Structure formats: structure tokens, C-alpha cells
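Could you walk me through this model in my viewer, one selection after another? I'm new to it, so tell me what to pick and what I'll find there.

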Amino acid sequence: MKQQQNNTCVHCGADCGKDPVEWKNLNFCCNGCLTVYQLLNENKLYNYYQLEETPGIKVETTEFGNKYAFLDNDEVKQKLISFTEGTISKVRFYIPVIHCASCIWLLEHLQKLHSGVRHSFVNFTKKEVDVTFDESQITLRQLVELLSSIHYIPDLSQSLSDKKDDKSYKTLLYKIGVAGFVFVNVMTYSLPAYFNGEPLSDKLQTLFNILSYILVIPVALYSGSDYYISAFKNLLKKNISIDLPIALGIIVLFAVTSYEVMSGIGPGYSDSLSGLIFFLLVGKWFQSKTYEALSFERNYKSYFPIAVTKINKQIEESILLEKIEVDDVLIIRNKELIPADSELIEGDARIDYSFVTGESTPVVKNLGDFIYAGGRQMGGIIKIRVKKEVNQSHLTKLWNQDTVYHKPSDSLKNLSDRISKYFTLIVIAIAIGGFTYWALKGETHTAVFVFTAVLIVACPCALALSIPFTFGNTMRIFGRKGLYIKNTDVIEKLSHINNIVFDKTGTLTQPNQNQVDYIGEKLSNIEKEVVFSLAKQSTHPLSTALAQNFNGSTYHAPEHVVEVAGRGIFGKVNQLEVRIGSEEYVTNQSSGSSRPSSTVFVAINDQVKGHFTISNQYRSGFDKVLKSLNGNFDLYLISGDNSAEADNLKSYFDAEHMHFNQKPGDKAEFIKKLQNEGKTVLMTGDGLNDAGALMQSDVALTIADKAYHFSPASDAVLEAQQFSKLAGFIRFTRTSLSIVKVAFIISFFYNIIGISFAITGNLSPVVAAILMPISSVSVVAFATFVTRMAGKVKL
């Protein structure tokens with residue numbers, strides 16, 4: 001795993017002393033480090049030590065006793081646990097010490113440290129970790145003790161509160177207040193030195209110097225503490241953070257000020273130091289506000305304006321999610337998500353909570369049982385009564401943080417992080433060089449100013465902000481235009497797309513606008529009713545078309561329903577065994593003949609009755625979309641239907657690019673084949689039977705109609721009525737990428753100019769502290785303004 005270095009602990013890098021803990025000829029400073037090392041070794045987690053040379057995570061062997069006994073109390077558990085089903089529970093902890101890549105790595109591999117942990121996910125910016133665990137193997141109390149043993153002690157009071165950010169925000173304001181108060185007073189004491197009037201007497205000047213120094217001590221120790229702590233923790237991990245040069249600058253100014261005031265040889269830099277920290281904190285406050293703005297209206301008011309089916313006076317109607325109220329009765333079909341915490345009032349519910357917990361085994365629910373939002377019905381129609389107001393932000397958070405379908409990306413953000421690290425090292429080297437040059441010339445005062453100003457003015461913050469703000473504004477523009485993006489990485493991936501694969505049914509074709517004809521043995525009224533009842537269970541476009549064709553028939557609740565993705569559905573309705581779907585699925589054979597439209601066969605009690613032909617109505621503007629994409633992208637069509645529509649589509653797709661009679665597995669394999677050829681693939685589907693292909697693709701786009709059945713596998717959801725703008729959306733991602741690159745150039749030029757002024761001694765630390773947030777403002781303003789203007793012009 002890792003090589004021993006002298007007598008340092010192989011895990012954390014600390015000195016092992018005279019009596020190291022030994023294991024397999026390796027030395028450890030304590031049993032805690034040995035325990036974690038053994039856990040990582042047993043689980044073959046060798047790449048952990050590639051993240052940081054000395055991770056420094058120690059497991060304490062101290063017994064916790066009854067410290068966390070209160071977590072065995074059911075009332076306390078209910079307040080902390082956000083989801084529970086059987087033995088599987090989910091909890092979110094606020095852990096303030098999360099600060100680096102190693103923290104994230106270990107906290108997201110808790111399942112390797114204890115088998116009772118199923119999944120864990122870290123939200124770095126909020127310092128939160130979501131843990132899904134099996135209470136039959138590890139209790140909530142034991143989970144907290146496990147976290148505490150590796151020095152990630154949850155702040156349980158904050159975990160129970162929704163005001164974590166308020167506390168840290170208030171602390172920042174307090175620090176700004178202290179620094180601002182001191183800055184004003186110290187500047188008042190320093191005013192005589194800034195004017196050409198009569199100099200103060202030595203005693204009075206000395207008094208002012210001492211008063212200024214006393215006032216600046218809490219500024220240096222309290223207001224600037226975050227910079228020291230951050231830099232120190234990262235140094236322990238042998239990581240160079242952007243806070244390091246700032247911390248060095250503050251420490252040098254404070255040290256020189258202490259020396260000059262205490263020795264009585266000068267006034268020091270109390271005014272510059274207090275001003276420096278004050279403006280740095282104001283800049284930090286500004287950045288916190290800008291990061292808050294990164295939500296970019298990502299809440300239930302702007303996300304997924306898709307409807308659910310509500311029972312209103314025995315009449316089914318579609319309503320927007322945000323209009324759902326407590327006690328509303330909703331209809332949930334096969335594979336639809338539960339939009340709000342509800343109670344089951346009718347039907348057989350088999351709820352798949354994989355979207356919430358990652359566990360895909362359906363949970364059977366009985367009448368009166370509680371069902372959490374985010375579950376997916378895997379069976380026939382059920383009716384639920386809403387118990388809590390719909391919180392669409394909860395569903396979108398699940399979508400955004402979904403790890404089951406996560407696709408790793410070598411993104412610009414990773415490049416920015418790498419640049420920032422080396423940028424910091426180069427800046428420190430320049431600052432030391434500037435200090436040395438001016439010190440050798442005998443100008444100590446200038447040397448100190450140059451050293452501090454270089455460290456402060458040259459900050460990669462503007463570089464880091466250019467990506468989230470450009471792509472964040474792009475996400476907001478897309479959301480207002482009807483395209484909802486999972487995260488900013490998707491925008492960058494879209495900009496690199498060179499191949500687009502379309503599913504036909506429900507994607508290119510328009511659901512709910514079909515001509516349905518029946519060929520075969522005449523169906524009796526009861527047979528029509530059972531076909532209607534079974535088709536109503538599914539959200540597949542062809543099933544929906546059948547259900548609409550028989551709309552008005554008497555509905556019979558099926559005794560059981562099973563839907564096979566991409567093939568068909570069968571069940572028992574009114575004592576009759578009914579099967580509808582593809583020819584192969586229903587008849588167990590395939591004639592291979594081409595029919596003029598989509599075909600759905602029907603069999604009742606194992607007797608094939610005939611088939612329905614469903615003529616396709618293509619989406620409005622589909623020809624415009626395909627023509628605009630042709631020439632810039634290689635277009636492919638994959639469909640589970642027969643090739644009847646091939647002649648109609650040959651003007652848009654090359655003959656060899658159209659593939660019919662494709663099963664879901666075939667679609668995924670086709671996309672994998674394209675990727676193996678070095679192609680970047682966008683897959684567009686309806687999110688129902690295309691989950692495998694969507695997951696395989698580089699970018700998965702779901703076309704959503706007036707039904708709430710988007711797939712967690714989707715990277716983006718496009719409102720059906722905005723389908724004609726697809727080409728424009730893809731082109732705009734390339735514009736966004738260009739804006740990011742220009743913002744990078746602006747940031748680099750700013751830093752070069754700033755360092756040039758600072759190294760010559762023409763820039764004071766206070767001015768540098770003012771310029772640093774201004775650089776961030778300029779990049780943010782540029783990214784926001786240009787992106788919005790481009791959006792108005794191009795979309």
C-alpha cells in the first residue's frame with residue numbers, strides 16, 4: 001500500500017517515538033492508525049494513499065461509554081433519521097471538520113469500514129454527509145461512534161437544525177464587525193502620520209502605536225483564524241490550499257508589527273493588517289453570497305413543471321406538482337415516482353426506493369401504509385393520499401445527488417483545481433523572491449509590503465469562479481427555456497457531443513395523438529375493458545395510446561401486473577389472463593413482416609386475439625430539429641418497433657444508422673459500440689424503457705410530456721414542447737465553454753498585472769485585499785452578463 005518513511009507513522013506521518021506500534025514490519029504512532037490501515041488494507045483500498053501522502057485519520061480506541069446513549073431513544077432517532085423502511089434508514093449529519101479530498105474519500109467509503117453502511121455521500125460545500133445504513137447491523141448510535149472514532153464527530157445539534165449556514169454566516173459577520181471596528185479606530189490613530197502636519201510627540205506616537213497593536217491582536221487571532229486553520233490542516237495533509245499565501249501574509253505583517261511595537265523602533269503595520277483582514281473577510285462574505293447564488297433558482301418553483309394525475313370529483317386531471325395539496329388523491333402508474341409523502345389508499349404497491357437509498361428490491365406496502373416521496377411504483381395503478389405538501393426540491397436533490405447513475409468526468413473543474421494548486425506554489429515563490437530582492441537592497445519596509453501584497457493580490461479565486469458561474473447561468477437559462485440539467489458537468493459534456501442517438505416511440509413521436517386500428521378477432525365488451533384496464537397500468541406511449549382508445553370503458557383493478565421493459569405487459573384482470581405487447585412477447589414467434597405502423601398484439605387466456613396498429617404522429621418541429629443537427633452530428637435511430645417508418649425517416653437518417661426491433665439491452669450495447677469507436681454519445685429517450693441506454697451514454701436526455709415519469713438515469717430533462725430547440729441548446733453549451741475559456745484568460749491577465757505592480761512595491765497589502773474580491777466580481781460579472789446576453793441572442 002505505502003512505503004515506510006524513517007520512523008514516521010505509515011498512516012498519518014506522525015513521529016512514532018521510541019515505542020512504535022508494529023505490524024508486518026511497519027511502524028504506527030498509535031493503535032488508531034494501525035486500525036484504519038488494516039481496514040484499508042483488508043478492503044484493498046490502496047488508492048486512498050494516492051490522494052494524500054499522510055491522510056492523518058486516526059481511529060480512537062477510547063470507549064465512548066454512554067456519551068451517545070441518547071441516540072437509542074426513539075424520539076431522538078425520529079428527528080435525525082430522514083427515511084426508514086424495514087431495517088434500511090437514511091440520516092444526514094453536519095460534520096464541520098470536512099475540509100479536503102481525504103475527508104471526502106473516507107466518508108464516502110464508510111461501507112468499507114463497516115458492512116452495515118450501505119451508501120454514503122458528502123456535500124462538501126455544506127459539510128454534510130448522507131448515510132444509508134442497515135439498522136440490523138449498525139445502529140444510529142454505533143454509526144455516530146464510528147464517525148467519532150475516525151475524528152469526524154457529527155455536530156448533532158446542527159444536524160437537527162436547518163440553520164447550520166446561519167450560524168457560520170453569523171460568525172463571519174462577527175469577524176467582519178471586529179475587523180471593521182478595529183480598522184476604523186487604528187486608521188484614526190494613524191491619521192497624523194498620513195498628513196504633513198506637525199509630527200506627534202514621541203510619547204503620544206508610542207501610545208497610539210501600542211493602542212493600535214492591542215486593538216489589532218483580536219483581529220489577527222480571531223478574525224483571521226479561518227485562514228490559519230485552513231492552511232494548517234491542508235499542510236498536515238501535504239496539500240497546498242489557496243488560503244496558505246493569505247495566512248503567510250497575515251502572519252508576516254503581525255510578526256513584524258509585534259517586533260517593531262514591542263522594541264519601540266516603529267509603528268508596525270497595524271493599519272495595513274486590520275485593513276487587510278477586514279477587506280479579505282468582506283471579500284469572503286461576497287464569495288459566500290455568490291456561492292449561494294449558484295443555486296440559480298434550482299428549487300421546486302422552477303424544476304420539472306411536469307404534472308401528476310389527481311382525482312377530482314371522480315374525474316382524472318393533470319395538475320402541476322407545486323399545486324398538490326395535503327389530502328389530494330393521486331394516481332400513480334407503473335414506474336412513476338411518488339411525488340410527496342403519502343398514504344396508500346388503493347391498489348397493490350411495490351415501491352422501489354433505489355432512487356432514495358440505492359436498494360432496488362421493491363418493498364410491498366399495504367393499505368394505510370406510509371410511502372416516502374421518491375419511491376417508484378413497480379406494478380399496477382395505485383392511489384395515494386398526500387400527507388405532506390409536495391417538496392419538489394427533495395426530488396430534485398435526489399436526482400442531483402444520485403450516485404447509482406453517476407458518470408465520472410474529466411472536466412474543466414478538475415483542470416482548474418490542478419492549476420490553482422501549482423498557481424499557489426508559484427505565487428509563494430514569487431513573494432519570497434520579491435521579499436529577498438528588496439531586503440537585500442536594505443528596504444525592509446518595502447520588502448514586507450511586496451511579500452504580503454503578492455500573496456494577497458494573486459488569488460486563483462477568479463479562476464475557480466469562472467466555471468460555476470458561467471455554467472450555472474447556463475443552467476438557469478436552460479431551466480427557463482424548458483431544459484433541466486442535473487449538474488454543471490452535463491453542460492461541458494454536451495459541448496463535446498458528436499453523435500446523437502434517438503429513440504423513436506415517445507421521443508420523436510408524439511404520444512396521445514395516434515390513430516389506433518384493430519385487426520383480428522372481434523373483442524367483446526368485457527375483453528375491451530380488460531385490455532383497457534391493463535394498458536392503463538403502464539406509462540409506455542403505446543400503452544397510453546391503447547388506454548386512450550378505449551377511454552370510457554369500465555375499469556377493473558388487476559389482480560396482478562408485470563411489465564417487461566421494451567416488450568409488453570401482462571396481468572390478471574377480471575379473472576382473465578391478459579397479455580399485450582410485441583409480437584414475439586405475445587405470440588412467442590416473429591413473422592418478420594413489416595407493418596405500416598407500430599403494432600401491439602393482444603392475447604387473452606393464452607389465445608392470440610389480434611393486434612392493434614398505432615400510427616405515429618411525429619413531434620412538432622421534429623423535422624426542423626433533425627435537419628439542424630444533420631451535418632454537425634452523426635444521427636442514429638434505435639427503436640423497439642418494426643421498420644415500417646424507415647421510408648418516412650430515410651431523409652433524416654442514413655439507412656445504416658437506423659436500427660429497428662431493438663430490445664433495451666440491444667440499445668445499450670449499440671451505444672457502447674459507438675463509444676468504443678471513440679465517439680461521444682447523447683442518447684435521447686422517454687426515460688421508461690431506455691434506462692440501460694441512458695446510463696450507458698455520455699449524456700442522457702429524457703423527453704418529458706405531461707406525466708411525471710422522468711428517469712434517474714437522465715442527465716437532463718427536456719420539456720416536450722421545447723423539443724424543437726434541442727439543436728440550439730447543444731450549440732449554446734459550446735458558447736458557454738468559450739465564455740469559460742475567455743474568463744480564464746481574463747483571470748490570468750488580472751493576476752499577471754496584479755503581481756507586476758505588487759513586486760515593484762507599488763501596491764500596498766490593503767489595496768491588494770480590495771483588488772482580490774474585485775477580481776472575483778469582474779469575472780463573475782463578465783460570465784453572468786455575457787452568458788445572459790448570449791442566451792437572449794441564441795435561444
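**The whole chain**

Start with everything on screen: among contacts between residues at least 6 apart in sequence, 67% join residues at least 24 apart. Keep in mind that this is a predicted model. Colour by secondary structure and you'll get 28 helices and 28 strands. The chain has 795 residues, and buried ones make up 52% of them. Switch on the surface if you like: about 35700 Å² is exposed, with carbon and sulfur atoms supplying 53% of it.

**Stop one: a four-stranded sheet**

Select 81-85, 88-94, 117-123 and 128-134, which are β3, β4, β5 and β6. They make an open, antiparallel sheet, and the order across it is β3-β4-β6-β5. β3 and β5 stand at the edges with a single partner strand each, so one side of each has no neighbour in the sheet. From one strand to the next, the twist averages 15°.

Now zoom in on β5 and β6, which are joined by six bridges and run antiparallel. To see one of these pairings, pick Asn123 and look across to Glu128, its bridge partner in β6. Then add residues 140-149: that's helix α6, lying across β3, β4, β5 and β6 and running at about 40° to β4.

**Stop two: a six-stranded sheet**

Jump along to the open sheet with the order β18-β23-β22-β21-β20-β19, again with antiparallel pairing. Its edge strands are β18 (515-520) and β19 (560-564), and each of these pairs on one side only. Ignoring direction, neighbouring strands here are turned by 15° against each other on average.

Five bridges join β19 to β20 (residues 568-573). Val561 makes a good landmark, with Gly571 as its bridge partner in β20. Next, show the helices packed on this sheet. Helix α20 (residues 525-535) touches β19, β20, β21, β22 and β23, and its direction makes about 60° with that of β21. Helix α21 (residues 541-549) touches β18, β21, β22 and β23, making about 100° with β23.

While you're here, select Asn574 in the loop between β20 and β21. Its phi is near 50°, a positive value in a residue other than glycine. Most residues other than glycine have a negative phi. With a relative accessible area of 36%, Asn574 is partly exposed.

**Stop three: another positive phi**

For a second example, go to Asp327, in the loop between β8 (315-320) and β9 (329-332). Here phi is near 80°, also positive in a residue that isn't glycine. Asp327 counts as partly exposed, at 47% relative accessibility.

**Stop four: the nonpolar cores**

Which residues touch the most other members of the largest nonpolar core? Select Ile250 and Leu273: of the 48 residues in this core, they are the ones. Show side chains around Ile250 and, leaving aside residues up to four places away in sequence, you'll find that Ile250 touches Tyr227, Tyr228, Leu273, Leu276, Ile277 and Leu280.

Several helices give two or more residues to this core, including α11 (243-263), α12 (270-292) and α16 (444-457). The most comes from α16, with 10 residues.

To finish, pick out Met475, Leu635, Phe653 and Met658. They belong to a second, separate core of 44 residues.

Key: Residues numbered from 1 in each chain as written. Predicted model: local features only at pLDDT ≥ 70, side-chain atom pairs only at ≥ 80, totals over all residues. Heavy atoms only, no water. Pairing = 2+ DSSP bridges. Axes fitted to C-alpha atoms, helices over the stretch in contact; angles between N-to-C directions. Contact = heavy atoms within 4.5 Å. Core = buried A, V, L, I, M, F, W, Y, C linked by side-chain atoms within 4.5 Å. Buried < 20%, exposed > 50% of the residue type's maximum accessible area, 1.4 Å probe, protein only. Areas by Shrake-Rupley, 256 points an atom, 1.4 Å probe, with all protein chains shown as cover.
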